[in-house]
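Q: Please take a close look at the charged side chains in this model. I should like to know how they are paired, and where they are left without a partner.

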Amino acid sequence: AADMNCAGLTASMVVDSSSADGGLVTMSTLKEDGVSDVKNKACEMLLMSRVDQKLKTRKTNDVLNRLHVALPSTGVRAPNIPKSVLANAKAGYPKSERKTEKDLQEENGGAGVYSMDVRKNYLLEKDEWKYDKIPEIFDGHNVADFVDPDIEERLAELEREEEAMLQEEENQMDEESEDDLTAEEKQTLKKIRAKKSKIIMDHRKKKQKGQGSAHIARKHDTERRLTSRRMRDELGEMGVDASAAIERNRGRSVTRRGKKRALEDDEDMEGRSKSRSKSRSAVLGRTHSSKSRSRSRGPSVAHSAEPGSGFKHSAQKMKAQILSDKMQRKMQKLARKGEGDRIIPNEMPKHLFSGKRGIGKTDRR
């Protein structure tokens, strides 16, 4: 029960129910004296009452059997200081003679140079095992069991034996093959081998200058390797008459005037065959767009159909070139890489041109 006057000067509250007459605790709301004491007493009484209620339940015995409160032993419990520490303190804490890792680091080059030895701290049955080489295991097998220290020497020895055997077999084959040949055949075989060795040497010289060298035109061939005289000599050594081939080659090399006359004859034949559909381009001798500048350079560039090109005359060659350009025009307009380029470009990707734009950034679309 609590009793408080209207002026709020003093208040009384029964907080100790254990006493016979009940204990009273005074407090003042004006000076705020004893308020915290009353609050603490009330909390203690409430806690004791709740504990008493729980102890009266049936589960109390089960819970108490599980609890154990350890109490310290009786007597004075003084601090325990090891004797080594006391002796070290009495001696004035002298510097230890044991070297630390920092001392070893300073002795062996400092930071960045010294590498700590981690194997000395291994806990093994024997200390001499600490620096043994760790075996490499692969598929359950020790790799060291399959390593031969003399394998390179043995391999070199086997290669020398193999080269000696191959050389011996080659010599035997040459002797056997040359025994069956006549004197003339042996001389021919000697020439063939000399020719072969010369070709190999020329190839090696060319390879030393650089692989993939550009093709040299005949007019820039300073060595004059491709000549009719050389062809006649080489074919003559093989027993072939090259006079007919040389005459045929000379017949093809006509003069400029002969080329111009042949071109005019072809144009006259074209005009007769297409008299019904004459056009200004046919009369003037139309040239292809890619070769339009070649007419101003003189008759050095021939527009007539060359033998073996598959055209009867220059008009048929020009028509084939025009048809080829028409076929390429669509491909060039669509920016194709070639006839096999069948890509279909996506000019408006779905993920960039669909849906509403949010309130965020708009630089994506």
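A: The account below turns from the paired charges to the unpaired ones and ends with a nonpolar patch.

The model is a predicted one. Side chains of opposite charge can pair when their charged atoms come close. The structure holds 5 salt bridges, and one of them joins Glu101 to Lys120, with 2.7 Å between the closest N and O atoms. This pair connects distant parts of the chain, since Glu101 belongs to helix α4 (residues 101-107) while Lys120 sits in the loop between α4 and β4 (137-138), 19 residues apart. Glu101 has a relative accessibility of 27% and therefore counts as partly exposed. Lys120 is likewise partly exposed, because its relative accessible area is 31%.

Another salt bridge is formed by Glu107 and Lys99, whose closest N and O atoms are 3.2 Å apart. Asp148 and Arg154 also meet through their side chains in a salt bridge, at 3.0 Å from N to O. With a relative accessible area of 26%, Asp148 falls in the partly exposed class.

Asp341 presents another situation. This residue is located in the segment after α11 (314-333). Asp341 is buried but takes part in no salt bridge. The nearest side chain of opposite charge is that of Arg336, 4.5 Å away; a salt bridge requires a side-chain nitrogen of Lys or Arg within 4 Å of a carboxyl oxygen. Asp341 does have a polar neighbour in the backbone: a polar atom of its side chain lies 2.9 Å from the backbone nitrogen of Lys337.

Unpaired negative charge is also found on the surface, where Asp150, Glu152, Glu153, Glu157 and Glu161 gather in a patch. Glu157, one of these residues, is placed in helix α5 (residues 151-179). Its relative accessibility of 42% is the reason that Glu157 counts as partly exposed.

A patch of another kind is nonpolar. Leu47, Val51, Leu55, Val63, Leu64 and Leu67 make up this surface patch of about 560 Å². Two elements, α1 (35-55) and α2 (60-66), give two or more residues each to the patch. The largest share, 3 residues, is that of α1. Val63 lies in helix α2, and its relative accessible area of 43% makes Val63 partly exposed.

In short, Glu101 is paired with Lys120, whereas the buried Asp341 has no salt bridge.

Technical notes. Residues numbered from 1 in each chain as written. Predicted model: local features only at pLDDT ≥ 70, side-chain atom pairs only at ≥ 80, totals over all residues. Heavy atoms only, no water. Patch = residues over 30% accessible without salt bridge, like charges linked within 9 Å, V, L, I, M, F, W, Y side chains within 5 Å. Areas by Shrake-Rupley, 256 points an atom, 1.4 Å probe, with all protein chains shown as cover. Lys, Arg positive; Asp, Glu negative; His and termini not counted. Charge placed at Lys NZ, Arg CZ, Asp CG, Glu CD. Helix = DSSP H or I, 4+ residues; strand = E, 2+ residues; numbered from the N terminus. Buried < 20%, exposed > 50% of the residue type's maximum accessible area, 1.4 Å probe, protein only. Polar contact = N/O pair within 3.5 Å; in protein donor to acceptor, adjacent residues only side chain to side chain.
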